[in-house]
Amino acid sequence: MSQSKNNRLNRRNFIGLSTMAGAGLLLGCSKEETFPKEFSETYTQALVIGTGFGGAVTALRLGEAGIQVTMLERGQRWNITPEYNTFSNYLIPDKRSTWLRRRSVPPIGPKIRISKYTGVLERIKYPNMKVYNGAGVGGGSLVYGGITIQPEESLFNQVFPSEIDYGQMNDLYYPRVREMLDAQPIPSDLFEESEYFQYSRVGKAHAENIGLETEFFPSTFDWDKIRQEMNGELPEAAIIGETIYGVNSGAKKSLDTNYLPAAEATGNVTIHALHQVADIKQNDSGQYIVEVEVLNEDGIAIAQKTFTTDYLFMAAGSTGSTRLLMRAREKGNLPNLPESIGQGWGSNGATMIARSFLRESTGTKQSSPSNCAVKDFANAVAPTLLDMANFPTGIDTRSLIALGLSLVEDRGHFTYDPVKDDVMLQWSNTASNKAKEAIENLTNRLNAANGGFRGSLLIPQTIKDLTYHPLGGVVMGEAADYCGRVEGYNNLYIMDGAFIPGSTACANPSLTIAALAERNIEKILGNDFFGS
Ligand code: FAE
């Protein structure tokens with residue numbers, strides 16, 4: 001389609017939106033201050049929704065190939081300030097901690113009243129499952145623990161179809177991501193000598209006492225900055241446990257410090273923060289129309305924009321992309337989307353556990369990040385990886401917490417509610433049971449050999465109804481092909497955790513999501529952009 005016809009279509013759309021807005025004001029159905037005040041329309045060759053792992057990889061590689069890219073991100077851009085006070089305090093959270101809620105929502109610890117704000121951590125509460133996501137430029141990397149772990153081949157092949165070749169992932173795409181993220185394991189002197197990592201040493205020794213292998217996985221925390229925090233050259237941040245609301249010293253190498261600035265440096269990629277995608281449609285020429293609400297920092301829509309694009313990349317995360325695509329299908333905006341969209345969702349078999357009344361001290365100081373994992377792949381219930389985590393309270397609680405990731409088959413699906421125009425996860429109250437049994441099996445063996453009890457004063461025995469790892473909804477080989485092309489439409493791609501079949505095989509997901517995005521964008525560029 002010619003550019004001028006494209007502009008005509010956009011203008012029609014623009015007038016439609018303006019008329020709707022006017023009607024809204026006349027009917028008094030929106031408060032004046034919450035109603036979008038400005039409208040604009042833009043054409044972009046490629047558009048990426050979301051700036052997390054899938055989106056950041058996609059934008060960089062498109063930009064390097066000379067494609068003009070617009071990235072839309074609902075959350076804010078968070079730059080480390082000279083005063084080192086960018087993010088909310090960890091133990092006493094303020095509004096910057098939380099995405100549009102009146103109470104902070106830490107998975108463990110006190111929930112504090114705050115004002116509604118476009119903070120970094122989102123919690124979505126579905127029946128039997130609470131899902132945590134990052135919100136802001138950098139997506140989940142703003143709130144994540146930096147664990148950059150590659151699944152083992154035999155487990156990977158139990159989850160992923162044979163079309164995803166582990167050898168190729170291992171040789172090309174996993175190393176490509178690790179290099180871009182500059183992910184490094186904990187230096188041995190810090191692990192062996194620092195009082196801040198006493199908890200990790202205890203956890204590792206306990207696992208080895210029952211014959212389990214442990215791994216120092218690469219982390220995207222900057223170990224030099226952690227040393228600087230320890231010796232007072234930087235303010236305390238990671239070393240007092242900052243992670244899930246951001247790290248004020250800048251010790252976390254989130255995507256806004258690597259992939260995203262590299263994408264912008266190509267000169268072809270523009271990131272729009274506080275741009276929340278509301279709806280996706282298609283015009284008569286097959287271009288995608290992306291309708292956006294521009295938010296202020298309190299989350300109030302202050303403008304509407306429409307973007308038109310030839311290539312649309314979905315990277316709003318498992319829950320975000322699935323929701324946008326299901327709504328587009330159910331409302332008839334993209335009616336040819338397959339029924340399989342919304343299916344195949346999994347929690348990555350995540351369960352949190354605590355062990356307490358241990359014989360050894362676990363330290364009064366417990367630094368982020370998590371740095372060592374226990375491999376319990378012969379667990380009698382299900383193969384399980386245990387990420388040993390820190391829970392700094394300032395006192396020696398003689399307890400340990402950890403995140404278990406078990407290879408289980410339970411899956412949920414999303415349904416659409418036309419009245420609310422929203423989707424709901426259907427996750428049964430027994431769906432997390434096998435993962436819980438696997439982690440309890442491991443915990444009981446650890447306690448029997450080393451002393452200790454399940455649970456602690458602060459943490460229940462197991463927390464099985466929440467996940468930091470939403471995966472699936474637009475799954476490879478079902479709702480999309482094996483390179484992320486969504487079924488039913490041309491030039492529509494899924495690049496994020498929604499593409500993954502519910503598990504990343506006993507590994508935290510960010511590395512696999514990014515590596516698959518590297519793989520898929522290489523194939524998409526070769527075939528769909530520059531193919532003969
Ligand atoms: P994600 O990174 O979630 O990015 C999606 C982006 O889309 C976000 O920036 C959203 O704000 C944005 N978005 C959503 N809806 C819209 C919309 N309508 N319009 C515009 N923008 C939108 O997606 N994984 C690890 O591997 N290691 C860890 O240590 C680890 N720790 C974690 C700790 C926490 C507390 C949490 C919540 C997660 C953790 N994860 C970890 C999981 C990891 O962050 C997650 O798997 C990835 O971030 C998912 O990447 P995606 O590209 O799927």
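Q: How many disulfides does the structure hold?

A: In this predicted model, a disulfide requires a pair of cysteine sulfur atoms within 2.5 Å. The structure holds zero disulfides.

Q: Which cysteine sulfur is nearest to that of cysteine 372, and how is the distance to be read?

A: The nearest one belongs to cysteine 506, 16 Å away, and cysteine 372 is in no disulfide. Seen from the other side, the closest sulfur to that of cysteine 506 is in cysteine 372, and 16 Å is too far for a bond.

Q: Is cysteine 372 buried or exposed?

A: A residue is called buried when its relative accessible area is under 20%. Cysteine 372 has 0% relative accessibility and therefore counts as buried. Cysteine 506, at 4%, also counts as buried.

Q: What share of the residues in the protein is buried?

A: Of the 532 residues, 57% are buried. As for the surface, the protein exposes about 20,400 Å², of which carbon and sulfur atoms supply 49%.

Q: What does the radius of gyration indicate for a protein with 532 residues?

A: The value is compared with that of a compact globule, which for 532 residues would be near 24 Å; the protein has 23 Å, so the two agree. The C-alpha trace spans about 75 × 50 × 45 Å along its principal axes.

Q: Which secondary structure elements does the protein contain, and how many?

A: There are eleven helices and 21 strands. Among contacts between residues at least 6 apart in sequence, 71% join residues at least 24 apart.

Q: How many positive and negative side chains are there?

A: The protein has 49 positive and 59 negative side chains, with the centres of the two sets 6 Å apart.

Terms used. Residues are numbered from 1 along each chain as its sequence is written. This is a predicted model: local features need pLDDT of at least 70, side-chain atom pairs count only at pLDDT 80 or more; totals for chains, interfaces and linings use all residues. Side-chain values use heavy atoms; hydrogens and water are left out. Helices (H or I, at least four residues) and strands (E, at least two) are DSSP runs, numbered from the N terminus. The radius of gyration is taken over C-alpha atoms; the globule rule is 2.2 Å times the number of residues to the power 0.38. Buried means under 20% relative accessible area, exposed over 50%, partly exposed in between (1.4 Å probe, protein chains only). Contact means heavy atoms within 4.5 Å. Accessible areas come from the Shrake-Rupley method with a 1.4 Å probe; for residues, only the protein chains shown count as cover. Lys and Arg count as positive and Asp and Glu as negative; His and the chain ends are not counted. The place of a charge is taken as NZ of Lys, CZ of Arg, CG of Asp or CD of Glu.
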